[in-house]
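Work through these short exercises with the sequence and the model side by side. Try each task before you read its solution.

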Amino acid sequence: MADNTRPHFTAFIGPTRLAAGPLAEVAIAVMQASHRPAAPPIIIFSDATGTPIDLDLRGTERDVMARLSQPASPPDVETDETASAEPRGRGRPKLGVVAREVTLLPRHWEWLGTQPGGASVALRKLVEEARRANGDADRARAARDAAYRFMAVMAGNLAGFEEASRALFADDRRRFVGLVAGWPDDIRDHVVKLAFSDRAEL
């Protein structure tokens, strides 16, 4: 069973899918393919966003793997240097709680002030409820946006692109699949997968 919690990436060499999977596996496949004589351009896409990504593939496979394994600095979390140089503010960064500015009307603050636990607890509850209520719609919108970004790069010059874009944003799966049917197989299959996931019917 596929691990859907791990970021997934797909590399294309021209119109052909070269590799798909975790970033390390895709990076090594791209490294190997790039050494072929007269290799077509290779583009790596994030399946989560549909956008191309750049990788530093210099050196050996071990060099590339070492760079990929370096964790990125988490955003909005103070480091030891910033903690010592700046006054300590609100929030609990070590617990993942970060203080940010929220602008509300006076009546909103009045209502929040009457809620059990105060404004922070009430806001967190509202956000969680909205995430649960809008989860499916948010996922569908993210999938649509990822599919469009991918197809804009890989299929922008293909027949039916504009019509397919309109069908995508109208969530008209049947028309969309029909319009992209004549595209190169790997591009067609990937954009349908991004757009509709297991809802797609080729």
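Rings of Phe, Tyr and Trp (its six-membered ring) pair if their centres lie within 6.5 Å; planes under 30 degrees apart count as stacked, over 60 as edge-to-face and the rest as tilted. By this rule there are six aromatic pairs. The model is predicted: local features need pLDDT of at least 70, side-chain atom pairs count only at pLDDT 80 or more, and totals for chains, interfaces and linings use all residues. Residues are numbered from 1 along each chain as its sequence is written, and side-chain values use heavy atoms, with hydrogens and water left out.

**Exercise 1.** Classify the ring pair F45 and F150, then place it in the chain.

Step 1. The ring centres are 4.8 Å apart and the planes meet at 75°, so the pair is edge-to-face.
Step 2. F45 sits in strand 3 (residues 42-46) and F150 in helix 5 (residues 118-154). Helices (H or I, at least four residues) and strands (E, at least two) are DSSP runs, numbered from the N terminus.
Step 3. The two are 105 residues apart, so the pair links distant parts of the chain.
Step 4. F45 and F150 are both buried (under 20% relative accessible area; exposed is over 50%, partly exposed in between; 1.4 Å probe, protein chains only).
Step 5. F12 joins F45 and F150 in one aromatic cluster.

**Exercise 2.** Describe the surroundings of H190.

Step 1. H190 lies in helix 8 (residues 185-196).
Step 2. Its relative accessible area is 3%, so H190 is buried.
Step 3. Neighbours within four places in sequence aside, H190 is in contact (heavy atoms within 4.5 Å) with T10, F12, D47 and F150.
Step 4. Nine of the 12 residues of helix 8 are buried, so the helix is largely enclosed by the rest of the structure.
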